[in-house]
Amino acid sequence: MATPERIIPTYGEVYGQAAQISHLCELVAHATIPHALLFTGKPGGEALPLAMAFARHILCEHPTSEGPCGTCLSCRQMNEGEHPDFSIIYPIAKEGDKETTASDFADAFAKMMRQHVRFTDQEWKETLNSGNKQLNILVAEADKLSKKSVLKSFQSRHQVVLIWQPETMRTDTANKLLKLFEEPPEEMLFLAVSHRPDLLLPTIVSRFQMVRVPPIPEEELQELLATKYGVAADESAEIAHLAQGNLHRALQLASGAEDTLLEQALQFLETTLMSDPRKFQSLTEELAKESRPHVIDMVDKVTGLLREANALRLGVTDAVYIPPADLPRLQRIAERLPLSVYPELMDDLGRARSELRQNANTKMVFFDLMVHFARSYTS
């Protein structure tokens, strides 16, 4: 599978975002760039590449109405991710009492960006070899950024700070950065990329202008897979549909990589079919070994599968995005769930997600959820 052409992409390496790119180009052309922009989209989608490409455009020495020039010193530095006025902040694992910041892991982050066309926190965890450790943006990052804010840019008009996954900011970090986000130095610009904006503090969101980054249109993704990544034409159509406009997901499907979240979500639903408390306990113990963000993602996956099971019951197959090999498993689940119970189960999943976000005990949340599901199945 192809690797990225450069660490910091150009607009040409961002897909399905013509309207968003046009808007960003206008901001640069008219010198009306807000001091803080929040890009939102699915993990592994186009939000992070788009924000990076925009940073490249902002820092370009000879920007055009369509993007950066591609040849100036700034553009060449961005190819390698080494521009002195560009920095990326991302979640890391705390190491004892050491004052650790993202820059301590810059080489590892650059390595990951070189290896992956698109990536999620899963690839980042694997690069860090962090296991099930919780990754956060730590308060030391806020202290470092506050000191940086009083310094002038090195060679460009602006300093650009890109924050990947601001939803992982600890509360103490967010509180320290609130004032800086609200009134940054004139030359400092913040670009944040969130995959879970619902987890952000409202006080943080209010200080950013939102840029919603949609999925890649299915036909465009299909063509991209066939022409750029060498996926056979018959496979590219199916993969583009299953990936729901997400290039990272599409490349995973094309490579045959296992979808851990999908497998766990199917196991969850299948285990509840058994109505065996011992099996409930066994599965909840396994899930409790996962990180909290992972189990929240798993709840979201179950929610998505429930919608697809509902679509199967109603015969709306275009709304089903599960690989053909797993379709019989979902069909068996759908056959056991009366249509009348879907609203209640969705409410149960919403409550479970909220409780997990509030650090409730993972075992208790999932055991209770499985009991609720088991009571809903028809015999």
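## Starting with the sheet

Two strands count as paired when DSSP finds at least two bridges between them. By that test β1 and β4 are partners, running parallel over 5 bridges. This is a predicted model, and the pair belongs to an open sheet of 5 strands. Reading across, the order is β2-β3-β4-β1-β5, with parallel pairing.

The edges are taken by β2 (86-89) and β5 (209-212). Each has a single partner strand, so one side of each is left with no neighbour in the sheet. From one strand to the next, the twist averages 20 degrees.

## A closer look at β1

Strand β1 covers residues 36-40. Besides β4, with which it pairs in the parallel sense over 5 bridges, β1 also pairs with β5, again parallel, over 4 bridges. If you want landmarks for lining things up, alanine 36 stands opposite phenylalanine 190 in β4, while leucine 38 stands opposite methionine 210 in β5.

In a regular strand, side chains alternate between the two faces of the sheet. For β1, Ala36, Leu38 and Thr40 point one way, and Leu37 and Phe39 point the other way. How many of the residues of β1 are buried? The count is 5 of the 5, so the strand is largely enclosed by the rest of the structure.

## The helix across the strands

Helix α2 (residues 47-59) lies across β1, β2, β3 (159-164) and β4 (188-194). Relative to β4, helix α2 runs at about 165 degrees.

## Salt bridges

Side chains of opposite charge can pair when their charged atoms come close. Searching the whole structure turns up 21 salt bridges. One of them joins the side chains of arginine 6 and glutamate 13, at 2.7 Å from N to O. Which state does each partner have, buried or partly exposed? Arginine 6 is partly exposed, with a relative accessible area of 26%, whereas glutamate 13 counts as buried at 11%.

Then there's aspartate 259 with arginine 249, whose side chains meet at 3.2 Å, N to O. This pair links distant parts of the chain, 10 residues apart: aspartate 259 sits in the loop between α11 (247-255) and α12 (260-274), and arginine 249 is in helix α11 itself. Both aspartate 259 and arginine 249 are buried.

Arginine 329 and aspartate 326 make another salt bridge, at 3.4 Å from N to O. Here too, arginine 329 and aspartate 326 are both buried. Beyond the pairs, there's a network of salt bridges linking Arg196, Asp198, Asp297, Asp300, Arg353 and Arg357.

## A nonpolar patch outside

Over on the surface, Leu314, Val316 and Leu339 form a nonpolar patch. Together they have about 250 Å² of accessible area.

Where does valine 316 fall along the chain? Look in the loop between α14 (292-314) and α15 (327-336). Valine 316 has a relative accessible area of 41%, which makes it partly exposed. A residue needs over 30% to be part of such a patch, so the 41% of valine 316 clears that cut-off.

Terms used:
Residues are numbered from 1 along each chain as its sequence is written. This is a predicted model: local features need pLDDT of at least 70, side-chain atom pairs count only at pLDDT 80 or more; totals for chains, interfaces and linings use all residues. Side-chain values use heavy atoms; hydrogens and water are left out. Helices (H or I, at least four residues) and strands (E, at least two) are DSSP runs, numbered from the N terminus. Axes are lines fitted to C-alpha atoms, for helices over the stretch in contact, and angles run from 0 to 180 degrees between N-to-C directions. Contact means heavy atoms within 4.5 Å. Patches are made of residues with over 30% relative accessible area and no salt bridge: like charges are joined within 9 Å, nonpolar side chains (Val, Leu, Ile, Met, Phe, Trp, Tyr) within 5 Å. Accessible areas come from the Shrake-Rupley method with a 1.4 Å probe; for residues, only the protein chains shown count as cover. A salt bridge is a side-chain nitrogen of Lys or Arg within 4 Å of a carboxyl oxygen of Asp or Glu. Buried means under 20% relative accessible area, exposed over 50%, partly exposed in between (1.4 Å probe, protein chains only).
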